Amino acid sequence: MMEGGLVRFLFLILAVAICGAASVFQPISDSHRSAALDVFVPVDGSYKSLEEAYEALKTLEILGIDKKSDLSSATCENVVKVLALSSSTLKDALYALSVNGILKCKSGEDVPKDIVSKLQTGVKDAKLLLDFYYSVRGLVLVKEQFSGTDISLGDAEAVFRSIKALSQSDGKWRYSPNNPESSTFAAGLAFETLAGVISLAPSEIDHSLIQTLKTGITKLFDSIQKYDDGTFYFDESEGPISTTASVIRGLKSFAASESTGLNLPGEKIVGLAKFFLGVGIPGDAKDFFNQIDALACLEDNRFSVPLILSLPSSVISLTKKEPLKVKVSTVLGSKAPALSVKLAQALSSKGSSVINNQELKFDAESATYFLESFPKNFDVGKYTFVFEILLDESANEKAYITEAQTKVPIAATGAITIENAEIAVLDSDVGSVESQKKLDLTKDEAVSLSANHLQKLRLSFQLTTPIGHVFKPHQAFLKLKHESQVEHIFLVKTSGKKSELVLDFLGLVEKLYYLSGKYDIQLTIGDASMENSLLSNIGHIELDLPERPEKAARPPLQLTDPYSRYVPKAEISHIFRVPEKLPAKQISLVFLGLIVLPFIGFLIGLTRLGVNIKSFPSSVGAATSALLFHGGIGAVLLLYVLFWVKLDLFTTLKALSLLGVFLLFVGHRTLSHLAATSNKLKSA
């Protein structure tokens, strides 16, 4: 059981080492298409909202998945309903038109006049960026979907200026003129909205306004963030995926509506593409849509289309003599234009260059660039391959861009030769060999050795690469396992041309817990570059160690099943203090009556003596103070009752302190008035 676990642990280490090196960006593939069917799952043939329906349909359409027939019936009913109602919100109208553009629920000359009127009114009355966005984008969709519809903004330049007033000097935009906070996400919405205004304008917008907007876009790119692997992204409270996708959508729309084009930094456009490709497959539907939609915008735009260099595999087997294969495509996997790929350098982990300026051949059938063979000095290990892509610009209609140099981590693997393996028992004094065995580590052995605490155990072997260089493995350790299942692991070090481990049992008696008897010997050698990593059972050794002293540490208890440590722990049940026994209910009621009895007597005494209210103040101010004073006394008595019924001591004291200050104030005024009245009577 433990041997199998050790093998899995070793392979896990090797897999992590290989995957950690393979940070290669891949274009969208079938794995995304398969995941999309799981992420965008309708409920009873429809989605919760038209916004969700549009995001699902748009994503599936970009990925080439035809699910329109499964969704068209229920979804189209909702679209027609929204477009027929003049009370529909601007947001609902926009997404109804967006879904309609995919499913074609309404088309031709059947123009939804009420919605058009609502959108036009929305543009005139809009103050917020989102209102402009929903109204303008909705009108653009109406113009695209319904033939013969003449929708134009007569005051387009005024609308443009109203939206432009929400921009900030750093390239970000505000949602509202009354809110000073700016947002990069809002900038993307603004670009889309202004692109719609330009397309709906009956005449050209003032060129200075367009130029000012382009300057803002340039400033916005100054705030872009970057990872160490060359990926660029925008980030705010909406999250990096949503924010970056919003900007890219806005840039595509603006570039499509503006004739002079956008001059954006190519390195950052490629970095944005790498950011979305590096995300992998999002589990959230919104992030999935933003990823695919943003990549589709980068795939087809009027400013620059990034090309991605990818490798089918970042691991090259020298044993199989595999060629180096490279593909260049767009972000969605479409074929690249005419170009050439050159391997500028192949740098080893030590920094030396083993390959220089090798142009890769092109296989038109598989659209793959390849390097058939490697130089003789190319050995196993980790490398950084530096590729350069040279575009044939004369054959390109689109503005394709690539990185100046693309650095890709490569792992070269091969079969490592294991030679001169031997295990020996040495005398501790002179180091002479008492017994020695030759080993074939490619298979299990049945070596039998014996030693005492005054002797040593030596294991040695040589590892060489396919071209004869000394190989130093990432993992090499020897395990001694006592018959009581107590295990000890020792690292094997490589020095010079030889890997060697010497165990001096005299210095290890405490670590071995003075346990004499049979120890199984097992050797493990593994490395990410080593195709023939091994776990070899060498045999066993009988150790004769001194008896354990009384104060020496005892060996830990061994579990029968080593994996039982991961089973759920026993539930801890906490026992609270047993509540004290309370007196009978009748006794409590008797004592309550005894406590209330004096108060009743007090009331009876007042009635017998007669209450004198002749001195109660008659003026408004003094009477108010007197009433408040008596009311405060009543509140204190009520507080005592509440303390007895439900309040705790600390809450009661807090309330009593406030009431005490209040009573001090009103009582002082009341008593001062009575004293002044008494003095007047005496003087009279």
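**A buried salt bridge, and others around it**

D293 is buried, at a relative accessible area of just 5%. This comes from a predicted model, and the residue's partner there is R249, with the closest N and O atoms of the salt bridge 2.9 Å apart. D293 sits in helix α13 (residues 285–299) and R249 in helix α11 (residues 240–257), so the pair ties together parts that are 44 residues apart in sequence. R249 counts as buried too, since its relative accessibility is 15% and the cut-off for buried is under 20%.

That pair belongs to a count of 17 salt bridges. Another one joins the side chains of D206 and R161, at 3.8 Å from N to O. Here D206 comes from the loop between α9 and α10 (207–222) and R161 from helix α8, so the link spans parts that are 45 residues apart in sequence. Both ends are partly exposed: D206 has 30% relative accessibility, and R161 has a relative accessible area of 43%.

Then there is E500 with K498, whose closest N and O atoms are 3.6 Å apart. E500 is partly exposed at 30%, and K498 is partly exposed at 36%. Elsewhere, E51, E55, K91 and K286 are joined into one network by salt bridges that share partners.

Back to helix α8, the home of R161. Helix α8 (residues 156–164) packs against helix α9 (residues 184–200) at an angle of about 170°, their axes lying 9 Å apart. The two are therefore roughly antiparallel. On the α8 side the contact is made by A156, V159, F160 and I163, which meet T193, L194, V197 and I198 of α9. Sorted by type, the contact residues come out as 7 nonpolar, 1 polar and no charged.

Technical notes. Residues numbered from 1 in each chain as written. Predicted model: local features only at pLDDT ≥ 70, side-chain atom pairs only at ≥ 80, totals over all residues. Heavy atoms only, no water. Axes fitted to C-alpha atoms, helices over the stretch in contact; angles between N-to-C directions. Helix = DSSP H or I, 4+ residues; strand = E, 2+ residues; numbered from the N terminus. Parallel < 35°, antiparallel > 145°, perpendicular 65-115°, else oblique. Contact = heavy atoms within 4.5 Å. Nonpolar A, V, L, I, M, F, W, Y, C, P; charged D, E, K, R; others polar. Salt bridge = Lys/Arg side-chain N within 4 Å of Asp/Glu carboxyl O. Buried < 20%, exposed > 50% of the residue type's maximum accessible area, 1.4 Å probe, protein only.
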